[in-house]
Amino acid sequence: ELWSLKACARGCDQDVNLIVNGDKVMVLKRGSRRHLAHSILAAKLLESSSVPMPRVVCGDAKGNSGIPGWGYLVETAACGEEMWLVYGDLSDETREGIWTHLGELMATFHNVKMIGYGDVGFDGKGEHARYPGVPSEDLDGFLKAEVVTLAEMKTIKVYLQSEKVVRINRTVSESVMLHADLEMDNLFVDRKAAKISAIIDWADLQCGPRSEDFARLYCRLYQDPKYWKALLEGYSKLATPPPIEEIELRSVELLLWLLPCKRDAASKKENDGVGTKKQLLEDFRRCKELLLSIVAPKLK
C-alpha cells in the first residue's frame with residue numbers, strides 16, 4: 001500500500017507527522033526517548049479505561065529513529081475537532097458539556113495511583129521520593145525574566161514561605177497519573193455530543209497531586225466561573241476535587257514557569273498559529289493578574 005507522509009509539527013522534543021492512505025490516518029512521532037516512553041506508558045495504563053486517547057500501534061522509545069537519543073512511535077489519529085480551533089464557535093451549552101466531560105475523564109485517569117513525584121522515569125516511577133515544591137532555580141529564573149516588579153517578587157516569596165503553603169506541601173501524600181499539559185490544543189471535541197473525543201500528547205506524563213492538572217485549567221477558566229463549575233461538577237461525579245487553596249498554590253507554581261514563556265511568545269511575532277500578538281498579550285496579562293491576585297489580592 002502507498003502511504004503519504006505529511007509534516008504536522010516540529011519541536012525540540014519531538015517531530016509529529018501524519019501518515020495518510022486514503023481515509024486511513026496514522027500519526028508518526030519521532031522524539032526524545034523519555035517523552036515517547038511517557039506516551040507508551042500512558043496508553044498502557046489507560047488501555048481499558050473510558051479515556052479517549054490515541055492507541056499505540058507500535059513504537060520503541062529506546063530504538064534508533066535516525067536521530068541520536070530519539071525513538072519512534074506510531075499511534076492512531078485522534079477523532080473529532082481540535083478544541084482551540086472551534087471553541088469560539090461553540091454555544092455556552094456545548095462548552096459546559098465539554099468541560100463537564102473533561103472533569104469526568106480527569107477523575108478517571110487520576111484514579112491511577114503512581115509511585116513518586118514529578119517526571120516519570122523509564123521505570124514508571126516519579127523522579128522524587130517526596131513532593132519537591134518550588135525549586136529555588138525556578139524563583140531565580142523568574143526574577144531574572146523581569147516579569148514582575150521587585151516588590152511583587154517579594155510578595156510572591158512571602159506567599160511561598162507562608163505557613164499555609166508549607167502546610168499544603170507538607171501534607172501531600174497521594175501521587176496520581178497526571179497529563180500535565182491539558183491545554184486546548186491537546187483536546188479534541190465532538191461538538192454534537194458536547195464531549196471530549198480525544199486527549200492527545202501524553203509526552204509530559206507526570207505523577208503527583210491531582211491539583212497540578214487542575215492548575216493549568218484554573219489559569220484558563222478562573223474568569224469563566226460557569227465553565228470552572230462545570231469541570232468540578234463532572235469531576236465530582238467520580239472523585240473529590242482538591243481544595244481551591246491547593247489549586248491556587250499549584251497555579252502559582254505553574255505560572256512561575258509559564259509566564260516568562262507567555263511573555264516571550266507574545267513578543268516574538270504577530271501570528272504563530274496559536275493566536276495573534278494581541279491575543280497572546282491578553283493571555284499573558286490575564287495569567288499575571290491571576291498570579292498576583294492569589295499571592296496578594298491588593299496587588300491585583
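Begin by selecting strand E1, residues 4–10, which is hardly covered, for the count of buried residues among its 7 residues is 0. The model on screen is a predicted one, and this should be kept in mind at each stop of the tour.

**Strand E1 and its partner**

Extend the selection to strand E2, residues 14–21, and you will see that E1 and E2 run antiparallel and are joined by 6 bridges. To find your bearings in this pair, label Ala 7, which stands opposite Asn 17 in E2.

Staying in strand E1, pick Leu 5. Is Leu 5 buried or exposed? Its relative accessibility is 60%, and because exposed means over 50%, Leu 5 counts as exposed. If residues up to four places away in sequence are not counted, Leu 5 touches Asn 17, Leu 18, Ile 19 and Leu 28. A distance label drawn from the C-alpha atom of Leu 5 to that of Met 26 should read 9.7 Å, although these residues are 21 apart along the chain.

**The sheet E8-E7-E12-E9**

Next, display the open sheet of 4 strands whose order is E8-E7-E12-E9, with antiparallel pairing. Its edge strands are E8, residues 126–128, and E9, each of which pairs on one side only. Looking across this sheet, you will find neighbouring strands turned by 35° against each other on average, if direction is ignored.

Now select strand E7, residues 117–120, which is joined to E8 by 2 bridges and runs antiparallel to that strand. Here Val 120 has Gly 126 in E8 as its bridge partner. Add helix H1, residues 33–45, which packs on this sheet by touching E7 and E9, and whose direction makes about 105° with that of E7.

**His 179, in the loop after E9**

From strand E9, residues 176–178, follow the chain into the loop that leads to strand E10, residues 187–190, and stop at His 179, which has its place in that loop. How is His 179 placed with respect to the surface, buried or exposed? With a relative accessible area of 0%, His 179 is buried.

Show the side chain of His 179 together with the backbone of Asp 201, since a polar atom of that side chain lies 3.1 Å from the backbone oxygen of Asp 201. Then colour the residues that His 179 touches, leaving aside those up to four places away in sequence: they are Phe 109, Asn 186, Ile 199, Ile 200, Asp 201, Trp 202, Asp 204, Leu 205 and Asp 213.

**The sheet E6-E10-E11**

Continue along the chain to E10, which belongs to an open sheet of 3 strands in the order E6-E10-E11, with antiparallel pairing. Strand E6, residues 81–82, and strand E11, residues 195–199, stand at the edges with a single partner strand each, so one side of each is left without a neighbour in the sheet.

Select E10 and E11 together, which pair in the antiparallel sense over 4 bridges. Two facing pairs can be labelled here, with Asp 190 opposite Lys 195 in E11 and Val 189 opposite Ile 196 in E11. The hairpin of these strands has 4 residues between them, and in this hairpin Ala 194 takes a positive phi near 55°. E11, although at an edge of the sheet, is mostly covered, with 4 of its 5 residues buried.

**Helix H3 and helix H8**

Which helix packs on the sheet by touching E10 and E11? The helix to select is H3, whose direction makes about 45° with that of E11.

Bring in helix H8, residues 225–236, beside H3, residues 92–109; these helices pack at an angle of about 40°, and their axes are 6 Å apart. In this arrangement H3 passes H8 in a right-handed crossing. Among the residues that meet are Trp 99, Leu 102 and Met 106 from H3 and Tyr 227, Leu 231 and Tyr 235 from H8. Coloured by class, the residues of this contact divide into 8 nonpolar, 3 polar and 5 charged.

**Helix H7**

For the last stop, select helix H7, residues 211–221, which is mostly covered, with 9 of its 11 residues buried. Its buried residues include Asp 213, Phe 214, Arg 216, Leu 217 and Tyr 218; Asp 213 was also among the residues touched by His 179. What covers the buried residues of H7 includes H3, E9 and H8, which you have already displayed, together with helix H9, residues 244–268, and helix H10, residues 277–295.

How values were computed
Residues numbered from 1 in each chain as written. Predicted model: local features only at pLDDT ≥ 70, side-chain atom pairs only at ≥ 80, totals over all residues. Heavy atoms only, no water. Axes fitted to C-alpha atoms, helices over the stretch in contact; angles between N-to-C directions. Left-handed = near helix turned anticlockwise from the far one by under 90°. Contact = heavy atoms within 4.5 Å. Nonpolar A, V, L, I, M, F, W, Y, C, P; charged D, E, K, R; others polar. Buried < 20%, exposed > 50% of the residue type's maximum accessible area, 1.4 Å probe, protein only. Polar contact = N/O pair within 3.5 Å; in protein donor to acceptor, adjacent residues only side chain to side chain. Pairing = 2+ DSSP bridges.
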